[in-house]
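Visitor: I would like to go through this structure and ask what stands behind each label. Please keep the answers short.

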Amino acid sequence: MSAPHEAKTRTTAVVLAGGTGQRVGLAIPKQLLKIAGKAVIEHTLTIFEQAECVDDVIVLMAPGFVPDVEKIIAKAGLTKVTRVIEGGATRNETTERAIRALGEGLTEGEDLNVLFHDAVRPLLSQRVIKDCVDALDRYQAVDVAIPSADTIIVTRTHGGDGEFITDVPDRSRLRRGQTPQAFKLSTIRRAYEIAAGDPNFQATDDCSVVLRYLPDVPIYVVAGDEYNMKVTQPVDVFIADKLFQLASTAAPRQADEAAYRELLSGRTLVVFGGSYGIGADIAKLAERYGATVYALGRSTTGTHVENPEHVQEALATAYAESGRVDYVINTAGVLRIGKLAETDDATIQEALNVNYLAPVHIARASYKYLAETKGQLLLYTSSSYTRGRAEYSLYSSTKAAMVNLTQALADEWAGEGIRVNCVNPERTATPMRTKAFGQEPAGSLLSSEAVARTSLDVLLSELTGHVIDVRQQDPTRGASEASGFEQALASVLDRQEDV
């Protein structure tokens with residue numbers, strides 16, 4: 001007779017958000033600061049919401065700001081968050097409050113997996129979470145760390161003369177601690193019970209409490225991630241925002257063709273720039289799956305995106321005929337290359353009108369229709385948006401503006417349920433590119449069909465405020481194998497050459 005199946009231990013993530021933001025120079029806690037269109041803590045909670053191995057989440061928030069977090073949770077629809085509790089005056093006191101809350105309702109002998117994570121580490125990867133939970137199958141305490149790239153020195157102060165080095169530890173054995181720190185609840189609770197009897201108890205993290213008061217308990221180390229940074233200093237705010245901007249966001253693919261038909265049937269798409277290239281391919285795909293599509297372009301329908309009246313008329317017609325507008329897509333653009341000082345006024349005006357003002361007009365005109373359907377606006381940028389290049393000043397700067405417009409509108413329109421995203425294709429085989437560069441080597445460019453497919457996936461996702469990279473896959477390595485930091489770095493390096 002086989003042994004009964006052992007029940008899976010429940011895993012709870014505890015998001016520690018007790019910081020005040022003083023080091024960042026803010027009047028509000030740093031976890032409420034907005035980065036990439038959302039509060040830092042919302043980014044962090046969303047990570048655990050999406051983690052398959054995490055069952056529920058509790059938040060320990062800075063005193064006086066619990067209602068702020070509860071509003072964020074409700075607005076974002078974060079269903080795994082079960083409680084928001086006021087934190088203590090110190091990190092240890094906050095952890096103790098979490099331990100008490102976690103113990104409520106447990107039966108005798110029941111245990112939990114607990115992950116303590118800093119709210120101000122909003123770039124945590126799913127891989128690190130899974131590795132921590134898996135490690136708790138074998139160990140009672142788990143830390144996350146990365147090798148130190150810097151030489152660490154030990155110093156002492158000598159009178160009023162300043163600091164002097166007393167030791168230089170071997171860097172090969174030094175690690176920089178991150179979070180989450182993961183424990184069996186019974187283990188971390190016991191460590192804090194013993195620590196309570198020490199009048200000199202003081203610790204800045206939870207693994208050190210286990211190390212000091214339960215020395216026989218081994219603490220396993222999971223490999224961390226350079227991307228898993230902590231927003232502590234003013235410069236961290238800038239870096240984190242840029243990393244969010246650079247990180248590749250993957251739009252979830254639908255299970256099969258039937259899923260696309262189910263989600264698109266009865267929906268209305270308005271595609272500006274739909275005469276050819278990516279826009280035309282989006283229109284063909286969506287129509288194949290049962291959507292009503294209005295593909296608009298200068299050469300086919302006489303629609304000039306730089307003319308606000310044309311944009312308004314196109315949207316009004318689509319709404320009058322189909323009764324709804326669910327998705328508005330703008331792939332229209334012009335590529336003008338040349339030195340700015342030698343560019344005539346008409347060319348400059350055209351680039352600004354088509355590449356910048358047109359998306360602004362489209363966004364304004366689309367708002368009322370998308371608010372009604374809780375739909376999505378989809379814009380497009382270029383892989384050169386992170387770095388302007390000589391002779392591409394007009395194109396690169398307007399494409400950078402699309403990223404900022406996307407992030408701003410995603411935040412501005414969140415209350416109405418409108419999603420706004422931006423697709424960032426790698427170099428793509430389109431008529432616009434061929435006109436500018438001629439025929440290029442086969443296989444060196446993305447197909448417009450591949451970009452169109454990803455665009456549909458973005459439209460059907462719950463993403464908002466994201467820049468979604470579409471890149472050719474390295475056949476020797478799946479995209480899922482690269483860390484977010486590696487993907488971001490690759491994006492930066494590739495964009496030095498891309499247009």
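Guide: A salt bridge here is a side-chain nitrogen of Lys or Arg within 4 Å of a carboxyl oxygen of Asp or Glu. The model is a predicted one. A search of the whole structure gives 19 salt bridges.

Visitor: What makes E104 and R83 a salt bridge?

Guide: Their side chains meet at 3.1 Å, N to O. The cut-off is 4 Å, so the pair counts. E104 sits in the loop between α3 and β6 and R83 in strand β5, so the bridge ties together parts 21 residues apart in sequence.

Visitor: Why is E104 called exposed?

Guide: The relative accessible area of E104 is 52%. Exposed means over 50%, so E104 qualifies. R83 has 35% relative accessibility. That value lies between 20% and 50%, so R83 is partly exposed.

Visitor: How do you know that E226 and R176 form a salt bridge?

Guide: The closest N and O atoms of E226 and R176 are 3.9 Å apart. The limit is 4 Å, so this pair counts too. The bridge links distant parts of the chain, 50 residues apart: E226 is in the loop between β11 and α7, and R176 is in strand β10. Both partners are partly exposed, E226 at 41% and R176 at 39%.

Visitor: What makes E193 and R190 a pair within one helix?

Guide: Both lie in helix α5, residues 185-195. They are 3 residues apart, about one turn of the helix. Their closest N and O atoms are 3.6 Å apart, and the cut-off is 4 Å, so they form a salt bridge. E193 is partly exposed at 47%, and so is R190 at 44%.

Visitor: Which residues are joined into one network by shared partners?

Guide: R91, D118, R121, D206 and K230 are joined by salt bridges that share partners.

Visitor: Now the helices. Why is α9 called oblique to α14?

Guide: The axes of α9 (residues 277-288) and α14 (residues 448-459) cross at roughly 55°. Roughly parallel needs under 35 degrees and roughly perpendicular needs 65 to 115, so α9 is oblique to α14. The two axes come within 8 Å. The crossing is right-handed.

Visitor: Which residues of α9 and α14 meet?

Guide: On the α9 side they include I278, I282 and L285; on the α14 side, V451, A452 and L456 are among them. The contact residues divide into 7 nonpolar, 3 polar and 4 charged.

Visitor: Why are α11 and α12 called roughly parallel?

Guide: The axes of α11 (residues 345-373) and α12 (residues 393-412) cross at roughly 10°. Angles under 35 degrees count as roughly parallel, so the label fits α11 and α12. Their axes come within 10 Å. The contact includes L352, Y356 and P359 of α11, with Y395, M402 and L405 of α12. By class, the contact residues are 13 nonpolar, 2 polar and no charged.

Visitor: Is T301 buried or exposed, or in between?

Guide: T301 has a relative accessible area of 42%. Buried means under 20% and exposed over 50%, so T301 is partly exposed. T301 lies in the loop between β13 and α10.

Visitor: What is T301 in contact with, leaving aside its neighbours within four places in sequence?

Guide: T301 is then in contact with A295 and L296. Another distance concerns S275: its C-alpha is 8.3 Å from that of T301, with the two positions 26 residues apart in sequence numbering.

Technical notes
Residues numbered from 1 in each chain as written. Predicted model: local features only at pLDDT ≥ 70, side-chain atom pairs only at ≥ 80, totals over all residues. Heavy atoms only, no water. Helix = DSSP H or I, 4+ residues; strand = E, 2+ residues; numbered from the N terminus. Buried < 20%, exposed > 50% of the residue type's maximum accessible area, 1.4 Å probe, protein only. Axes fitted to C-alpha atoms, helices over the stretch in contact; angles between N-to-C directions. Parallel < 35°, antiparallel > 145°, perpendicular 65-115°, else oblique. Left-handed = near helix turned anticlockwise from the far one by under 90°. Contact = heavy atoms within 4.5 Å. Nonpolar A, V, L, I, M, F, W, Y, C, P; charged D, E, K, R; others polar.
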